[in-house]
Amino acid sequence: MIEPRTLHLELDGGRVLPVEIRKQTSERSAHTGRDLVELHGRGTTREPDQHEWIVGVLGAIGDRPVHAHDDAGEFAGRWTISWNSYGETAGEHIYTLLLREAEELSLEVLLVDGLELHPYEYREEVIGDGLTICAKVVGTEADVLRLRALMRSQQTLSVTRRGIQDEPREMRLGVGEWSQMEDSVKYRLVLVDRGLETNARSELARFQEERNRVALGFYANFLERLADLMVEKGILSREELHQLREGARSAPGVARHEMWHVPDVDEL
């Protein structure tokens, strides 16, 4: 049991929803390994307009964290909200809520098998009991080739997310698309916790299918435009173009490295 208290959730438009806290538990974070507070509570109203507003806000809030303050107006943390149930008794609308302590996931450096990376775009999400990371990085083509060699080896890598969790995780690597800049390369990679064997294969397969589709669309469009231009300029005849296409059908295949080459990673 905990001492009864009320948190005032600061929702959209500066409006506040008071929540009576009835129980406190904890759950270990899959992102950081920390024990996070969970508060079980309820909000109520008898006002039809207030009820309509609460239903709209709770239905659309998703994983967006909100601030809260206590009865004295002091800051009382950042929380994500799960709307567990709703009921109405004698004209009173009752919303049962679960408030989870929100984490600040601010990456400073990503270390992958000793390679120091500074992603300009970073996302991680929990799948089952493990973690999947998607990061976009600026580096060299040598970096891309090294990471791809690690992926082909299927070895487990030591991954540290400084700023989020100092303890290394054992993860498997999938490398995504890359695009050439003037003197560097932009690329994205996917990292999946080692223990998520089935989910890892599914997640990497999803990224593989997505990037193959993007790459194939680009190359098909590029080659069609190039072929039409060559015929227009008299470099090839229509008959020669037809023969080239027939030869391509009889011996298909594009280097895997080039298959992942796209005009701009940021458009994905």
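Welcome to a short tour of this structure, starting at one residue: aspartate 193 touches Gly130, Leu131, Arg169, Glu170 and Met171, leaving aside residues up to four places away in sequence. Keep in mind that this is a predicted model. From aspartate 193 we move on to a barrel of six strands, then to helix α1, which packs on that sheet, and finally to histidine 69 in strand β4.

**Aspartate 193**

- You can find aspartate 193 in strand β13, which covers residues 185–193.
- Aspartate 193 has a relative accessibility of 9%, and buried means under 20%, so this residue counts as buried.
- Its side chain makes a polar contact of 2.7 Å with the side chain of arginine 169.
- A polar atom of the aspartate 193 side chain also lies 2.7 Å from the backbone nitrogen of leucine 131.

**The barrel**

- Follow the order β1-β2-β3-β6-β5-β4 and you trace six strands that close into a barrel, with antiparallel pairing.
- On average, neighbouring strands of this sheet are turned by 45 degrees against each other, direction ignored.
- As background, strands of a sheet pair through backbone hydrogen bonds, and the pairing can be parallel or antiparallel.
- Take β2 and β3 as an example: they pair in the antiparallel sense over eight bridges.
- These two strands, β2 and β3, form a hairpin with six residues between them. In the turn, glycine 33 has a positive phi of about 80 degrees.
- The pairing of β3 with β6 is antiparallel too, and it runs over eight bridges.
- Glycine 41 is a handy residue to look for in β3, where it is the bridge partner of isoleucine 21. In β6, the bridge partner of glycine 41 is leucine 97.
- Another pair to look for is threonine 44, which stands opposite isoleucine 94 in β6.

**Helix α1 on the sheet**

- Helix α1 packs on the sheet and touches β2, β3, β5 and β6. The direction of α1 makes about 30 degrees with that of β6.
- Here is a check you can follow: α1 has 13 residues (48–60), and at 1.5 Å a residue they should span 18 Å. The end C-alpha atoms of α1 are 19 Å apart, which agrees.
- Which residues of α1 are buried? They are His51, Trp53, Ile54, Val57 and Leu58.
- These buried residues cover an arc of only 165 degrees around the axis, so they sit on the same side of α1.
- The strands that the buried residues of α1 pack against are β2 (16–28), β3 (35–45), β5 (75–89) and β6 (92–101).
- Turn to the face of α1 that points away from its buried side, and you will find the exposed residues Pro48, Asp49, Glu52, Gly59 and Ala60.
- After α1 comes glycine 62, which has a positive phi near 60 degrees.

**Histidine 69**

- Back in the barrel order, strand β4 spans residues 66–69 and contains histidine 69.
- Histidine 69 and glutamate 10 are 59 residues apart along the chain, yet their C-alpha atoms are separated by 7.8 Å.
- The side chains of histidine 69 and glutamate 10 make a polar contact (3.0 Å).
- Beyond residues up to four places away in sequence, histidine 69 touches Thr6, Leu7, His8, Glu10, Val16, Glu74, Phe75 and Ala76.

Conventions:
Residues numbered from 1 in each chain as written. Predicted model: local features only at pLDDT ≥ 70, side-chain atom pairs only at ≥ 80, totals over all residues. Heavy atoms only, no water. Helix = DSSP H or I, 4+ residues; strand = E, 2+ residues; numbered from the N terminus. Contact = heavy atoms within 4.5 Å. Polar contact = N/O pair within 3.5 Å; in protein donor to acceptor, adjacent residues only side chain to side chain. Expected span 1.5 Å × (residues − 1). Buried < 20%, exposed > 50% of the residue type's maximum accessible area, 1.4 Å probe, protein only. Arc of directions from axis to C-beta. Pairing = 2+ DSSP bridges. Axes fitted to C-alpha atoms, helices over the stretch in contact; angles between N-to-C directions.
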